[in-house]
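Subject: Structure handover

Hi,

Here is the structure I promised to pass on to you. Have a look at it first, and then read on for my notes.

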Amino acid sequence: MKLFNKKSIVAAALCLGTITAFAQEAQNTPKDYLTKEFHAGRREALRKMMPANSVTVVFAYPERVFSNDVNYVYHANPDLYYFTGYKEADAMLLVFKDLQGQGDSSYNELLFVRKRDPQRESWTGRRLGVEGAKAQLGFKYAYNGDAFAKFPIDFKKFKTIITDDLPDDTGQDAGLNYLVKTFKSKASLPEVDKALVSALNLVSARATPQNLPQVMAYLKRSLKPEVYQSNPIVQELATKPDSATLVSAKAKIKAQYGDANLFADMTIALRGIKQPEELALLSKSAQLSAIAHAEVMKAIKPNMSERELEGILMYVHKKYGAEDEGYPPIVGVGANACILHYEENSAQMLNNQLVLLDVGSEYHGYSADVTRTVPGNGKFSEAQKAIYQLVYDAQDAVIKMCKAGVPYASLEEKTGEVLGAGLVKLGIIKDAGEVRKYYTHGVSHHLGLDVHDKGSYAGNLEENMVITVEPGIYIPAGSPCDKKWWNIGVRIEDDILIGKDKFTNLSADAPRTWQEVEKMAAQSSIFDGAKFPPLK
(Lines give C-alpha, C1' and ligand atoms only; values in the text may rest on other atoms or scores of the structure.)
Protein backbone atom coordinates (compact mmCIF):
# COMPACT_ATOMS: atom_id res chain seq x y z
CA MET A 1 0.00 0.00 0.00
CA LYS A 2 1.32 3.45 -0.94
CA LEU A 3 1.44 5.83 2.00
CA PHE A 4 0.55 9.54 1.60
CA ASN A 5 2.69 12.12 3.32
CA LYS A 6 1.40 15.44 4.60
CA LYS A 7 2.38 17.34 1.42
CA SER A 8 0.60 14.90 -0.86
CA ILE A 9 -2.57 15.12 1.24
CA VAL A 10 -2.52 18.93 1.04
CA ALA A 11 -1.89 18.77 -2.71
CA ALA A 12 -4.75 16.32 -3.18
CA ALA A 13 -7.06 18.56 -1.15
CA LEU A 14 -6.09 21.60 -3.26
CA CYS A 15 -6.66 19.61 -6.43
CA LEU A 16 -10.08 18.44 -5.29
CA GLY A 17 -10.91 21.97 -4.14
CA THR A 18 -9.95 23.43 -7.48
CA ILE A 19 -12.01 20.96 -9.50
CA THR A 20 -15.00 21.32 -7.17
CA ALA A 21 -14.84 25.15 -7.18
CA PHE A 22 -14.59 25.38 -10.95
CA ALA A 23 -17.35 22.80 -11.41
CA GLN A 24 -19.67 24.78 -9.13
CA GLU A 25 -18.75 28.05 -10.87
CA ALA A 26 -19.38 26.51 -14.30
CA GLN A 27 -22.98 25.73 -13.37
CA ASN A 28 -23.74 29.46 -13.10
CA THR A 29 -21.69 30.83 -16.01
CA PRO A 30 -22.30 31.18 -19.77
CA LYS A 31 -22.33 27.96 -21.78
CA ASP A 32 -20.97 29.37 -25.04
CA TYR A 33 -17.27 29.76 -24.26
CA LEU A 34 -14.80 28.23 -26.67
CA THR A 35 -14.26 24.56 -25.86
CA LYS A 36 -11.03 22.76 -25.00
CA GLU A 37 -11.49 20.86 -28.27
CA PHE A 38 -11.41 24.14 -30.19
CA HIS A 39 -8.13 25.18 -28.59
CA ALA A 40 -6.60 21.73 -29.12
CA GLY A 41 -7.58 21.95 -32.77
CA ARG A 42 -5.85 25.30 -33.08
CA ARG A 43 -2.65 23.86 -31.59
CA GLU A 44 -2.78 21.02 -34.09
CA ALA A 45 -3.29 23.49 -36.95
CA LEU A 46 -0.26 25.42 -35.70
CA ARG A 47 1.81 22.25 -35.48
CA LYS A 48 1.05 21.38 -39.11
CA MET A 49 2.36 24.79 -40.21
CA MET A 50 5.59 24.61 -38.21
CA PRO A 51 8.84 23.69 -40.00
CA ALA A 52 10.62 20.42 -39.25
CA ASN A 53 12.42 20.09 -35.92
CA SER A 54 10.92 23.24 -34.39
CA VAL A 55 9.23 24.44 -31.22
CA THR A 56 6.84 27.36 -30.76
CA VAL A 57 6.87 29.23 -27.45
CA VAL A 58 4.07 31.59 -26.34
CA PHE A 59 4.08 33.61 -23.11
CA ALA A 60 1.27 35.23 -21.15
CA TYR A 61 0.99 39.01 -21.08
CA PRO A 62 2.30 40.75 -17.95
CA GLU A 63 -0.02 42.35 -15.44
CA ARG A 64 -0.08 46.16 -15.30
CA VAL A 65 -0.49 48.54 -12.38
CA PHE A 66 -3.54 50.81 -12.55
CA SER A 67 -2.98 52.75 -9.34
CA ASN A 68 -0.65 52.10 -6.43
CA ASP A 69 -1.52 48.51 -5.41
CA VAL A 70 -4.42 48.04 -7.85
CA ASN A 71 -3.91 46.35 -11.22
CA TYR A 72 -5.77 46.88 -14.45
CA VAL A 73 -8.28 44.12 -15.13
CA TYR A 74 -6.11 41.41 -16.65
CA HIS A 75 -6.38 40.81 -20.38
CA ALA A 76 -4.94 37.56 -21.65
CA ASN A 77 -2.51 37.36 -24.54
CA PRO A 78 -4.92 36.61 -27.43
CA ASP A 79 -2.47 34.16 -29.00
CA LEU A 80 -2.03 32.21 -25.76
CA TYR A 81 -5.80 32.18 -25.25
CA TYR A 82 -6.39 31.09 -28.85
CA PHE A 83 -4.14 28.08 -28.45
CA THR A 84 -5.00 27.12 -24.86
CA GLY A 85 -8.05 28.84 -23.37
CA TYR A 86 -5.82 29.94 -20.48
CA LYS A 87 -6.65 33.47 -19.28
CA GLU A 88 -4.27 34.05 -16.37
CA ALA A 89 -0.83 35.64 -16.05
CA ASP A 90 2.53 33.92 -15.46
CA ALA A 91 2.15 31.20 -18.08
CA MET A 92 4.03 29.66 -20.98
CA LEU A 93 2.99 27.29 -23.79
CA LEU A 94 5.36 25.10 -25.77
CA VAL A 95 4.17 23.37 -28.95
CA PHE A 96 6.58 20.92 -30.56
CA LYS A 97 6.50 19.85 -34.19
CA ASP A 98 7.46 16.30 -33.26
CA LEU A 99 6.97 14.06 -30.27
CA GLN A 100 9.53 14.57 -27.52
CA GLY A 101 10.67 11.81 -25.19
CA GLN A 102 9.72 8.16 -25.56
CA GLY A 103 6.91 5.78 -24.74
CA ASP A 104 4.10 6.70 -22.39
CA SER A 105 5.93 9.83 -21.25
CA SER A 106 6.28 11.32 -24.74
CA TYR A 107 4.68 14.72 -25.38
CA ASN A 108 4.25 17.32 -28.13
CA GLU A 109 2.99 20.21 -25.99
CA LEU A 110 3.55 21.58 -22.51
CA LEU A 111 1.78 24.24 -20.48
CA PHE A 112 3.38 25.98 -17.51
CA VAL A 113 0.87 27.88 -15.36
CA ARG A 114 0.59 30.17 -12.36
CA LYS A 115 0.92 28.25 -9.12
CA ARG A 116 -2.09 27.96 -6.86
CA ASP A 117 -2.00 30.05 -3.69
CA PRO A 118 -5.13 29.77 -1.49
CA GLN A 119 -4.29 32.91 0.49
CA ARG A 120 -3.82 35.06 -2.64
CA GLU A 121 -6.85 33.49 -4.29
CA SER A 122 -9.06 34.61 -1.41
CA TRP A 123 -8.18 38.18 -2.47
CA THR A 124 -7.87 38.07 -6.23
CA GLY A 125 -9.90 35.07 -7.37
CA ARG A 126 -9.45 31.39 -8.14
CA ARG A 127 -6.49 30.18 -10.11
CA LEU A 128 -6.79 27.29 -12.50
CA GLY A 129 -3.54 25.68 -11.41
CA VAL A 130 -2.05 22.49 -12.79
CA GLU A 131 -5.03 20.27 -12.12
CA GLY A 132 -7.44 22.85 -13.46
CA ALA A 133 -5.37 23.15 -16.64
CA LYS A 134 -5.61 19.40 -17.08
CA ALA A 135 -9.29 19.05 -16.24
CA GLN A 136 -10.64 22.26 -17.78
CA LEU A 137 -8.26 22.87 -20.69
CA GLY A 138 -7.46 19.26 -21.60
CA PHE A 139 -3.68 19.38 -21.23
CA LYS A 140 -2.06 16.05 -20.40
CA TYR A 141 1.18 17.72 -19.37
CA ALA A 142 0.75 20.89 -17.31
CA TYR A 143 3.14 22.12 -14.63
CA ASN A 144 3.67 24.99 -12.25
CA GLY A 145 5.89 27.68 -13.72
CA ASP A 146 8.67 27.09 -11.22
CA ALA A 147 9.16 23.58 -12.65
CA PHE A 148 10.38 24.92 -16.00
CA ALA A 149 14.01 25.46 -14.96
CA LYS A 150 14.55 21.77 -14.22
CA PHE A 151 12.42 20.46 -17.06
CA PRO A 152 14.69 18.45 -19.41
CA ILE A 153 14.36 20.41 -22.65
CA ASP A 154 17.46 20.93 -24.79
CA PHE A 155 16.50 23.90 -26.96
CA LYS A 156 19.83 23.73 -28.79
CA LYS A 157 18.70 20.60 -30.62
CA PHE A 158 15.88 22.44 -32.43
CA LYS A 159 16.57 23.86 -35.85
CA THR A 160 14.01 26.63 -35.33
CA ILE A 161 12.68 28.23 -32.15
CA ILE A 162 9.55 30.21 -32.96
CA THR A 163 8.42 33.02 -30.67
CA ASP A 164 6.58 36.29 -30.72
CA ASP A 165 8.30 39.33 -29.21
CA LEU A 166 9.36 38.19 -25.74
CA PRO A 167 7.98 40.27 -22.87
CA ASP A 168 10.83 42.54 -21.75
CA ASP A 169 8.85 44.56 -19.21
CA THR A 170 7.23 42.03 -16.92
CA GLY A 171 6.53 44.60 -14.20
CA GLN A 172 5.60 42.98 -10.94
CA ASP A 173 5.12 39.51 -12.46
CA ALA A 174 7.82 37.52 -10.73
CA GLY A 175 6.47 34.33 -12.28
CA LEU A 176 6.50 35.64 -15.84
CA ASN A 177 9.91 37.26 -15.34
CA TYR A 178 11.24 33.90 -14.16
CA LEU A 179 9.83 32.05 -17.17
CA VAL A 180 11.17 34.56 -19.70
CA LYS A 181 14.65 34.75 -18.15
CA THR A 182 14.88 30.97 -17.82
CA PHE A 183 13.78 30.48 -21.42
CA LYS A 184 16.31 33.01 -22.72
CA SER A 185 19.05 31.24 -20.81
CA LYS A 186 18.03 27.75 -21.93
CA ALA A 187 17.52 28.76 -25.57
CA SER A 188 20.56 31.09 -25.89
CA LEU A 189 18.60 33.32 -28.25
CA PRO A 190 20.49 36.14 -29.99
CA GLU A 191 19.49 39.69 -29.09
CA VAL A 192 17.40 41.45 -31.74
CA ASP A 193 16.17 44.98 -32.24
CA LYS A 194 12.54 44.34 -31.35
CA ALA A 195 11.34 47.70 -32.62
CA LEU A 196 12.98 47.15 -36.01
CA VAL A 197 11.72 43.58 -36.36
CA SER A 198 8.23 44.73 -35.38
CA ALA A 199 8.37 47.54 -37.94
CA LEU A 200 9.54 45.20 -40.71
CA ASN A 201 6.84 42.75 -39.64
CA LEU A 202 4.34 45.51 -40.28
CA VAL A 203 5.74 46.08 -43.77
CA SER A 204 5.52 42.35 -44.56
CA ALA A 205 2.04 41.88 -43.18
CA ARG A 206 0.20 45.09 -44.00
CA ALA A 207 2.02 47.26 -46.53
CA THR A 208 0.42 47.60 -49.97
CA PRO A 209 1.20 50.04 -52.79
CA GLN A 210 -1.91 51.97 -51.74
CA ASN A 211 -1.10 52.39 -48.04
CA LEU A 212 2.71 52.49 -48.31
CA PRO A 213 2.91 56.26 -47.62
CA GLN A 214 1.01 55.78 -44.35
CA VAL A 215 3.15 52.76 -43.40
CA MET A 216 6.36 54.71 -44.05
CA ALA A 217 5.10 57.66 -42.00
CA TYR A 218 4.45 55.23 -39.14
CA LEU A 219 7.96 53.76 -39.43
CA LYS A 220 9.48 57.23 -39.31
CA ARG A 221 7.52 58.02 -36.13
CA SER A 222 8.11 54.72 -34.37
CA LEU A 223 11.75 53.92 -35.16
CA LYS A 224 14.72 55.73 -33.65
CA PRO A 225 16.12 58.20 -36.23
CA GLU A 226 19.45 56.37 -36.42
CA VAL A 227 17.69 53.04 -37.07
CA TYR A 228 15.35 54.55 -39.66
CA GLN A 229 18.26 56.18 -41.49
CA SER A 230 20.68 53.24 -41.32
CA ASN A 231 18.54 50.22 -42.13
CA PRO A 232 18.96 49.51 -45.87
CA ILE A 233 15.48 47.99 -46.32
CA VAL A 234 13.74 50.94 -44.68
CA GLN A 235 15.83 53.40 -46.67
CA GLU A 236 15.14 51.58 -49.93
CA LEU A 237 11.41 52.02 -49.30
CA ALA A 238 11.83 55.63 -48.17
CA THR A 239 13.84 56.53 -51.28
CA LYS A 240 11.59 54.84 -53.82
CA PRO A 241 8.18 53.96 -52.30
CA ASP A 242 6.62 52.13 -55.24
CA SER A 243 5.16 48.66 -55.81
CA ALA A 244 8.34 47.16 -57.27
CA THR A 245 10.42 48.33 -54.32
CA LEU A 246 7.82 46.97 -51.91
CA VAL A 247 8.00 43.50 -53.50
CA SER A 248 11.79 43.63 -53.28
CA ALA A 249 11.71 44.81 -49.66
CA LYS A 250 9.33 42.05 -48.58
CA ALA A 251 11.60 39.43 -50.17
CA LYS A 252 14.63 40.84 -48.32
CA ILE A 253 12.71 40.94 -45.02
CA LYS A 254 11.78 37.28 -45.45
CA ALA A 255 15.38 36.35 -46.29
CA GLN A 256 16.98 38.28 -43.41
CA TYR A 257 14.34 38.06 -40.72
CA GLY A 258 12.36 34.99 -41.77
CA ASP A 259 12.63 33.13 -38.47
CA ALA A 260 11.75 36.27 -36.53
CA ASN A 261 8.56 36.59 -38.59
CA LEU A 262 7.50 32.95 -38.46
CA PHE A 263 5.24 33.37 -35.43
CA ALA A 264 3.52 36.37 -36.98
CA ASP A 265 3.16 34.60 -40.34
CA MET A 266 1.56 31.51 -38.82
CA THR A 267 -0.79 33.29 -36.43
CA ILE A 268 -1.85 35.75 -39.15
CA ALA A 269 -2.77 32.80 -41.38
CA LEU A 270 -4.62 30.97 -38.60
CA ARG A 271 -6.44 33.80 -36.87
CA GLY A 272 -7.36 35.60 -40.09
CA ILE A 273 -9.77 32.82 -41.09
CA LYS A 274 -12.40 32.34 -38.39
CA GLN A 275 -13.65 28.94 -37.27
CA PRO A 276 -17.41 28.33 -36.78
CA GLU A 277 -17.08 28.66 -32.99
CA GLU A 278 -15.38 32.03 -33.40
CA LEU A 279 -17.98 33.26 -35.87
CA ALA A 280 -20.74 32.49 -33.36
CA LEU A 281 -19.05 34.67 -30.73
CA LEU A 282 -18.19 37.46 -33.18
CA SER A 283 -21.78 37.49 -34.42
CA LYS A 284 -23.08 37.89 -30.86
CA SER A 285 -20.58 40.63 -30.11
CA ALA A 286 -21.46 42.58 -33.25
CA GLN A 287 -25.21 42.12 -32.85
CA LEU A 288 -25.36 43.25 -29.24
CA SER A 289 -23.11 46.22 -30.06
CA ALA A 290 -25.47 47.20 -32.88
CA ILE A 291 -28.46 46.99 -30.54
CA ALA A 292 -26.60 49.27 -28.11
CA HIS A 293 -26.03 51.84 -30.88
CA ALA A 294 -29.71 51.71 -31.82
CA GLU A 295 -30.64 52.37 -28.20
CA VAL A 296 -28.36 55.42 -28.10
CA MET A 297 -30.11 56.78 -31.18
CA LYS A 298 -33.43 56.51 -29.36
CA ALA A 299 -32.09 58.01 -26.13
CA ILE A 300 -30.00 60.88 -27.52
CA LYS A 301 -30.99 64.43 -26.48
CA PRO A 302 -29.24 67.80 -27.00
CA ASN A 303 -28.69 68.27 -23.24
CA MET A 304 -26.97 64.92 -22.74
CA SER A 305 -23.23 64.44 -22.29
CA GLU A 306 -20.77 62.24 -24.12
CA ARG A 307 -20.34 60.21 -20.94
CA GLU A 308 -24.07 59.50 -20.69
CA LEU A 309 -24.10 58.01 -24.17
CA GLU A 310 -21.05 55.93 -23.31
CA GLY A 311 -22.89 54.64 -20.23
CA ILE A 312 -25.93 53.58 -22.26
CA LEU A 313 -23.74 51.61 -24.65
CA MET A 314 -21.88 49.91 -21.82
CA TYR A 315 -25.10 49.05 -19.99
CA VAL A 316 -26.56 47.34 -23.05
CA HIS A 317 -23.31 45.43 -23.57
CA LYS A 318 -23.42 44.11 -20.00
CA LYS A 319 -27.14 43.33 -20.26
CA TYR A 320 -26.33 40.90 -23.09
CA GLY A 321 -23.42 39.33 -21.23
CA ALA A 322 -20.41 41.08 -22.76
CA GLU A 323 -17.51 41.17 -20.32
CA ASP A 324 -16.01 44.41 -21.56
CA GLU A 325 -15.51 46.76 -24.48
CA GLY A 326 -13.04 45.73 -27.15
CA TYR A 327 -11.24 49.10 -26.90
CA PRO A 328 -11.71 52.40 -25.04
CA PRO A 329 -15.09 53.84 -26.11
CA ILE A 330 -14.94 56.82 -28.49
CA VAL A 331 -17.87 59.22 -28.07
CA GLY A 332 -17.03 62.56 -29.70
CA VAL A 333 -19.37 65.48 -30.34
CA GLY A 334 -18.61 68.28 -32.83
CA ALA A 335 -14.89 69.03 -32.97
CA ASN A 336 -14.17 65.91 -30.88
CA ALA A 337 -15.54 63.77 -33.70
CA CYS A 338 -12.61 64.93 -35.83
CA ILE A 339 -10.12 63.28 -33.44
CA LEU A 340 -9.83 59.67 -34.63
CA HIS A 341 -9.15 58.07 -31.25
CA TYR A 342 -10.76 60.62 -28.97
CA GLU A 343 -11.23 58.92 -25.57
CA GLU A 344 -11.87 61.68 -23.00
CA ASN A 345 -15.66 61.62 -23.54
CA SER A 346 -15.95 64.68 -21.28
CA ALA A 347 -18.14 67.13 -23.26
CA GLN A 348 -21.23 68.06 -21.25
CA MET A 349 -23.67 69.12 -23.98
CA LEU A 350 -24.39 67.69 -27.43
CA ASN A 351 -26.64 70.49 -28.68
CA ASN A 352 -27.38 70.04 -32.38
CA GLN A 353 -23.92 68.80 -33.33
CA LEU A 354 -23.05 65.39 -34.74
CA VAL A 355 -21.88 62.74 -32.26
CA LEU A 356 -19.49 60.06 -33.49
CA LEU A 357 -19.82 56.85 -31.44
CA ASP A 358 -17.13 54.22 -32.07
CA VAL A 359 -17.90 51.59 -29.45
CA GLY A 360 -17.89 47.78 -29.66
CA SER A 361 -18.29 45.07 -27.06
CA GLU A 362 -15.90 42.26 -26.18
CA TYR A 363 -17.87 39.05 -25.81
CA HIS A 364 -15.90 36.05 -24.52
CA GLY A 365 -12.73 37.61 -25.91
CA TYR A 366 -14.09 38.57 -29.33
CA SER A 367 -14.36 42.25 -30.14
CA ALA A 368 -16.95 43.99 -32.24
CA ASP A 369 -16.12 47.36 -33.80
CA VAL A 370 -19.19 49.43 -34.66
CA THR A 371 -19.41 53.16 -35.38
CA ARG A 372 -22.44 55.34 -35.94
CA THR A 373 -22.72 59.12 -36.25
CA VAL A 374 -25.89 60.65 -34.84
CA PRO A 375 -27.16 64.26 -34.59
CA GLY A 376 -27.55 65.38 -30.97
CA ASN A 377 -31.06 66.69 -31.63
CA GLY A 378 -32.11 63.71 -33.76
CA LYS A 379 -32.16 65.66 -37.06
CA PHE A 380 -29.35 66.16 -39.57
CA SER A 381 -28.70 69.68 -40.86
CA GLU A 382 -28.22 69.98 -44.63
CA ALA A 383 -24.43 70.18 -44.30
CA GLN A 384 -24.31 67.24 -41.87
CA LYS A 385 -26.59 65.23 -44.13
CA ALA A 386 -24.40 65.87 -47.18
CA ILE A 387 -21.24 64.58 -45.50
CA TYR A 388 -23.10 61.66 -43.93
CA GLN A 389 -24.56 60.62 -47.28
CA LEU A 390 -21.13 60.74 -48.91
CA VAL A 391 -19.62 58.50 -46.23
CA TYR A 392 -22.60 56.17 -46.48
CA ASP A 393 -22.22 55.95 -50.28
CA ALA A 394 -18.56 54.99 -49.89
CA GLN A 395 -19.31 52.41 -47.23
CA ASP A 396 -22.19 50.90 -49.18
CA ALA A 397 -20.07 50.62 -52.33
CA VAL A 398 -17.27 48.86 -50.43
CA ILE A 399 -19.56 46.51 -48.47
CA LYS A 400 -21.09 45.31 -51.75
CA MET A 401 -17.60 44.29 -52.88
CA CYS A 402 -17.00 42.08 -49.83
CA LYS A 403 -16.81 38.49 -51.01
CA ALA A 404 -14.09 35.89 -51.45
CA GLY A 405 -11.67 36.54 -54.29
CA VAL A 406 -11.86 40.33 -54.25
CA PRO A 407 -8.42 41.97 -53.77
CA TYR A 408 -8.18 43.47 -50.31
CA ALA A 409 -6.45 46.55 -51.72
CA SER A 410 -9.44 47.27 -53.99
CA LEU A 411 -11.54 48.18 -50.93
CA GLU A 412 -9.26 51.14 -50.27
CA GLU A 413 -9.20 52.12 -53.93
CA LYS A 414 -12.99 52.22 -54.09
CA THR A 415 -13.20 54.25 -50.87
CA GLY A 416 -10.81 56.90 -52.16
CA GLU A 417 -12.60 57.02 -55.48
CA VAL A 418 -16.06 57.63 -53.97
CA LEU A 419 -14.94 60.02 -51.23
CA GLY A 420 -12.65 61.99 -53.54
CA ALA A 421 -15.33 62.51 -56.18
CA GLY A 422 -17.89 63.42 -53.53
CA LEU A 423 -15.69 66.00 -51.81
CA VAL A 424 -14.97 67.62 -55.17
CA LYS A 425 -18.69 67.75 -55.96
CA LEU A 426 -19.38 69.42 -52.59
CA GLY A 427 -16.62 71.98 -53.28
CA ILE A 428 -14.59 70.94 -50.22
CA ILE A 429 -11.55 69.98 -52.30
CA LYS A 430 -10.62 70.98 -55.85
CA ASP A 431 -8.95 67.73 -56.89
CA ALA A 432 -9.80 64.15 -55.90
CA GLY A 433 -6.13 63.59 -55.11
CA GLU A 434 -6.61 65.76 -52.01
CA VAL A 435 -9.01 63.26 -50.44
CA ARG A 436 -6.48 62.25 -47.78
CA LYS A 437 -6.73 65.73 -46.30
CA TYR A 438 -10.11 64.73 -44.81
CA TYR A 439 -10.01 60.93 -44.99
CA THR A 440 -7.02 60.04 -42.84
CA HIS A 441 -7.20 56.32 -42.07
CA GLY A 442 -7.76 52.98 -43.77
CA VAL A 443 -11.18 51.62 -44.66
CA SER A 444 -10.80 48.16 -43.16
CA HIS A 445 -9.06 45.87 -40.71
CA HIS A 446 -9.51 42.31 -39.47
CA LEU A 447 -11.65 41.67 -36.42
CA GLY A 448 -11.47 38.96 -33.75
CA LEU A 449 -9.65 38.42 -30.47
CA ASP A 450 -8.02 41.81 -31.06
CA VAL A 451 -10.07 44.72 -32.35
CA HIS A 452 -7.34 45.18 -34.96
CA ASP A 453 -6.98 41.46 -35.36
CA LYS A 454 -4.35 39.35 -37.04
CA GLY A 455 -5.05 38.57 -40.68
CA SER A 456 -3.58 39.06 -44.12
CA TYR A 457 -3.85 42.43 -45.84
CA ALA A 458 -2.21 41.16 -49.02
CA GLY A 459 -3.92 39.19 -51.75
CA ASN A 460 -7.65 38.55 -51.83
CA LEU A 461 -10.46 38.38 -49.32
CA GLU A 462 -11.13 34.82 -48.19
CA GLU A 463 -14.21 33.02 -46.97
CA ASN A 464 -14.77 33.36 -43.19
CA MET A 465 -12.62 36.43 -42.77
CA VAL A 466 -14.34 39.08 -40.64
CA ILE A 467 -13.38 42.66 -41.45
CA THR A 468 -14.59 46.16 -40.77
CA VAL A 469 -15.71 48.62 -43.42
CA GLU A 470 -15.32 52.13 -42.01
CA PRO A 471 -14.89 55.13 -44.31
CA GLY A 472 -14.89 58.55 -42.67
CA ILE A 473 -14.66 62.27 -43.34
CA TYR A 474 -13.27 64.68 -40.72
CA ILE A 475 -13.22 68.43 -41.27
CA PRO A 476 -11.72 70.26 -38.27
CA ALA A 477 -12.15 74.00 -37.72
CA GLY A 478 -9.70 76.05 -39.75
CA SER A 479 -9.79 73.70 -42.74
CA PRO A 480 -9.45 75.42 -46.17
CA CYS A 481 -13.12 75.10 -47.09
CA ASP A 482 -16.44 76.80 -46.35
CA LYS A 483 -16.97 77.22 -42.59
CA LYS A 484 -20.31 75.43 -42.79
CA TRP A 485 -18.34 72.16 -43.01
CA TRP A 486 -16.12 72.83 -39.99
CA ASN A 487 -16.26 70.43 -37.03
CA ILE A 488 -18.21 67.82 -38.95
CA GLY A 489 -16.80 64.35 -38.39
CA VAL A 490 -18.60 61.30 -39.76
CA ARG A 491 -17.63 57.64 -39.65
CA ILE A 492 -19.90 54.66 -40.34
CA GLU A 493 -18.46 51.27 -39.47
CA ASP A 494 -19.84 47.75 -39.76
CA ASP A 495 -18.49 44.25 -39.14
CA ILE A 496 -18.61 42.17 -42.31
CA LEU A 497 -18.32 38.39 -42.65
CA ILE A 498 -16.82 37.39 -45.98
CA GLY A 499 -18.70 34.61 -47.75
CA LYS A 500 -17.88 32.59 -50.84
CA ASP A 501 -20.04 34.78 -53.07
CA LYS A 502 -21.71 37.21 -50.65
CA PHE A 503 -21.25 39.22 -47.47
CA THR A 504 -23.08 39.22 -44.14
CA ASN A 505 -23.30 42.45 -42.16
CA LEU A 506 -23.02 41.24 -38.56
CA SER A 507 -23.87 44.69 -37.15
CA ALA A 508 -26.87 45.38 -39.39
CA ASP A 509 -29.19 45.96 -36.39
CA ALA A 510 -27.79 49.49 -36.06
CA PRO A 511 -29.47 51.80 -38.63
CA ARG A 512 -27.10 53.06 -41.35
CA THR A 513 -28.89 55.51 -43.65
CA TRP A 514 -29.55 59.03 -42.40
CA GLN A 515 -33.28 58.44 -42.87
CA GLU A 516 -33.13 55.30 -40.69
CA VAL A 517 -31.06 57.13 -38.05
CA GLU A 518 -33.61 59.95 -37.83
CA LYS A 519 -36.48 57.46 -37.67
CA MET A 520 -34.79 55.58 -34.82
CA ALA A 521 -34.04 58.84 -32.99
CA ALA A 522 -37.77 59.64 -33.03
CA GLN A 523 -38.57 56.48 -31.05
CA SER A 524 -38.69 56.32 -27.28
CA SER A 525 -35.92 54.73 -25.27
CA ILE A 526 -35.99 52.63 -22.12
CA PHE A 527 -33.71 55.32 -20.68
CA ASP A 528 -36.15 58.18 -21.33
CA GLY A 529 -37.23 59.85 -18.12
CA ALA A 530 -34.56 58.21 -15.98
CA LYS A 531 -33.99 60.52 -13.01
CA PHE A 532 -31.42 60.38 -10.26
CA PRO A 533 -31.17 62.46 -7.07
CA PRO A 534 -28.90 65.51 -7.36
CA LEU A 535 -25.48 65.39 -5.73
CA LYS A 536 -25.29 67.42 -2.52
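Below is what I found, from the whole chain down to single residues.

Please keep in mind that this is a predicted model.

**The chain as a whole**

The chain holds 16 helices and 18 strands. Its C-alpha trace spans about 85 × 65 × 45 Å along the principal axes. How does the radius of gyration of the chain sit with that of a compact globule? For 536 residues the globule value would be near 24 Å, and the chain has 26 Å, so the two agree.

Half of the story is inside: 50% of the 536 residues count as buried. The accessible surface comes to about 25,900 Å², and carbon and sulfur atoms account for 55% of that. If you look at contacts between residues at least 6 apart in sequence, 71% of them join residues at least 24 apart. On the charge side, there are 64 positive and 65 negative charges, and their mean positions are 3 Å apart.

**Strands with both faces buried**

Three strands may be worth opening in your viewer.

Let me start with strand 7, residues 160-163. T160 and I162 lie on one side of strand 7 and I161 and T163 on the other, and all four are buried, so both faces are covered. Strand 7 pairs with strand 1 (residues 54-59) in the parallel sense, over four bridges. One of the partners here is easy to pick out: S54 is bridged to T160 in strand 7.

Strand 14 (residues 466-469) has V466 and T468 pointing one way and I467 and V469 the other way, and these residues are all buried. Which strand does strand 14 pair with in the antiparallel sense? The partner is strand 17 (residues 494-498), and the pairing runs over four bridges. Within strand 17, I496 is the bridge partner of I467.

Then there is strand 16, residues 488-491. I488 and V490 point one way, while G489 and R491 point the other way. All of them are buried, R491 included. Strand 15 (residues 472-475) is an antiparallel partner of strand 16, again with four bridges between the two. In this pair, G489 of strand 16 stands opposite Y474.

**Residues in the loops**

Next come a few residues outside the helices and strands.

R127 sits in the loop between helix 4 (118-124) and helix 5 (129-137). Is R127 buried or exposed? Its relative accessibility is 9%, and because buried means under 20%, R127 counts as buried. R114 is 13 residues away from R127 along the chain, and the C-alpha atoms of the two are separated by 7.4 Å.

D168 is in the loop between strand 7 and helix 6 (174-187). With a relative accessible area of 59%, D168 is exposed. D168 and K181 are also 13 residues apart in sequence, with 9.4 Å from C-alpha to C-alpha.

Two asparagines caught my eye for their backbone angles. N68 has a phi near 50 degrees, a positive value in a residue other than glycine. N68 is found in the loop between strand 2 (65-67) and strand 3 (70-71), and its relative accessible area of 71% makes it exposed. N464 has a positive phi as well, near 75 degrees, and is likewise not a glycine. This second asparagine, N464, belongs to the loop between helix 15 (408-425) and strand 14. N464 is partly exposed, at 26% relative accessible area.

E434 is in that loop between helix 15 and strand 14 too. Its relative accessible area is 27%, so E434 is partly exposed. How far is E434 from L94 in space? The C-alpha atoms of E434 and L94 are 50 Å apart, and the two residues are 340 apart in sequence.

**Towards the end of the chain**

P533 lies in the segment after helix 16 (514-521). It is exposed, with a relative accessible area of 69%. P533 and P213 are 320 residues apart along the chain, and 53 Å separates their C-alpha atoms.

That is my list for now. Do write back if you would like to go through any of it together.

Best wishes

Notes
Residues numbered from 1 in each chain as written. Predicted model: local features only at pLDDT ≥ 70, side-chain atom pairs only at ≥ 80, totals over all residues. Heavy atoms only, no water. Buried < 20%, exposed > 50% of the residue type's maximum accessible area, 1.4 Å probe, protein only. Pairing = 2+ DSSP bridges. Rg over C-alpha atoms; globule rule 2.2 N^0.38 Å. Contact = heavy atoms within 4.5 Å. Areas by Shrake-Rupley, 256 points an atom, 1.4 Å probe, with all protein chains shown as cover. Lys, Arg positive; Asp, Glu negative; His and termini not counted. Charge placed at Lys NZ, Arg CZ, Asp CG, Glu CD.
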